[in-house]
Amino acid sequence: ALSEQDAPAMAILEKILSGGVQAKLYSKLVGGKLATSVSTSFEAKREPGLFIVNMTIPVGGTSQKAIEA
C-alpha cells in the first residue's frame, strides 16, 4: 500500500497520464480512437494507494481494446 510519502509522486504520475491532450493516456486512447475521453484521479487523503482511471468508450468500440492499449 502507498503511504502519504508517495502522494507527491502519484500526483505527478496523474498529470503525466491525463493532464491534457499531450498526456500519455489521452494521446494513446483518445488519439488512437479507443476512447472519447479519459481521466485519472488520486486522492491521497481519502484512500492511499487508490488510483482511478475513467474512460468513455466510443459507440462500436470495446473496453477490452482500450484496456489492452
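User: How many helices and strands does the protein have?
Analyst: The protein has three helices and two strands. This is a predicted model.

User: In what order do the elements run from the N terminus on?
Analyst: The order is α-α-β-β-α.

User: What does the C-alpha trace span along its principal axes?
Analyst: The span is about 40 × 20 × 15 Å.

User: And how much of the protein is buried?
Analyst: Of the 69 residues, 20% are buried. The exposed area of the protein is about 4900 Å², and carbon and sulfur atoms supply 55% of that area.

User: Which residues make up the largest nonpolar core?
Analyst: That core has seven residues: Leu17, Leu25, Leu29, Val30, Ala35, Val38 and Ala66. Helix H2, residues 24-30, contributes the largest share of this core, with three residues.

User: Take Val38 from that set. What does Val38 touch, not counting residues up to four places away in sequence?
Analyst: Val38 touches Leu25, Tyr26, Leu29 and Val30, and also Val53, Asn54 and Met55.

User: Let us move to Thr40. Where does Thr40 lie, and is Thr40 buried or exposed?
Analyst: Thr40 belongs to strand E1, residues 37-42. Its relative accessible area is 10%, so Thr40 is buried.

User: Which side chain does Thr40 join in a polar contact?
Analyst: The partner is Ser18, and the polar contact between the two side chains is 2.6 Å. Apart from residues up to four places away in sequence, Thr40 touches Glu14, Leu17, Ser18, Leu25, Phe51, Ile52 and Val53.

User: What about Ser41, buried or partly exposed?
Analyst: Ser41, also found in strand E1, is partly exposed because its relative accessible area is 23%. Leaving aside neighbours within four places in sequence, Ser41 is in contact with Glu14, Leu50, Phe51 and Ile52.

User: How are Ser41 and Ser18 separated, along the chain and in space?
Analyst: Ser41 and Ser18 are 23 residues apart along the chain, and their C-alpha atoms are separated by 9.0 Å.

User: Now the other strand. Where is Thr56, and what is its relative accessibility?
Analyst: Thr56 lies in strand E2, which covers residues 51-56. The relative accessibility of Thr56 is 40%, and Thr56 therefore counts as partly exposed.

User: Which residues does Thr56 touch, not counting those up to four places away in sequence?
Analyst: Thr56 touches Ala35, Thr36 and Ser37. With Ser37 there is a polar contact between the side chains, at 2.9 Å. As for Thr36, its C-alpha atom is separated by 5.5 Å from that of Thr56, although the two residues are 20 apart along the chain.

User: What share of the contacts with a separation of 6 or more comes from residues 24 or more positions apart?
Analyst: Such residues account for 32% of those contacts in the protein.

User: Back to the backbone. What is the phi of Lys33?
Analyst: Lys33 has a positive phi of about 65°, although Lys33 is not a glycine. Most residues other than glycine have a negative phi.

User: Where does Lys33 lie, and is Lys33 buried or exposed?
Analyst: Lys33 lies in the loop between H2 and E1. Lys33 counts as exposed because its relative accessibility is 68%.

User: One last topic, the charges. How far apart are the mean positions of the positive and negative charges?
Analyst: The protein has 7 positive and 6 negative charges, and their mean positions are 13 Å apart.

Terms used
Residues are numbered from 1 along each chain as its sequence is written. This is a predicted model: local features need pLDDT of at least 70, side-chain atom pairs count only at pLDDT 80 or more; totals for chains, interfaces and linings use all residues. Side-chain values use heavy atoms; hydrogens and water are left out. Helices (H or I, at least four residues) and strands (E, at least two) are DSSP runs, numbered from the N terminus. Buried means under 20% relative accessible area, exposed over 50%, partly exposed in between (1.4 Å probe, protein chains only). Contact means heavy atoms within 4.5 Å. A polar contact is a pair of N or O atoms within 3.5 Å; within protein, one must be able to donate a hydrogen and the other to accept it, and residues adjacent in sequence count only if both atoms are side-chain atoms. A nonpolar core is a set of buried Ala, Val, Leu, Ile, Met, Phe, Trp, Tyr and Cys residues joined through side-chain atoms within 4.5 Å. Accessible areas come from the Shrake-Rupley method with a 1.4 Å probe; for residues, only the protein chains shown count as cover. Lys and Arg count as positive and Asp and Glu as negative; His and the chain ends are not counted. The place of a charge is taken as NZ of Lys, CZ of Arg, CG of Asp or CD of Glu.
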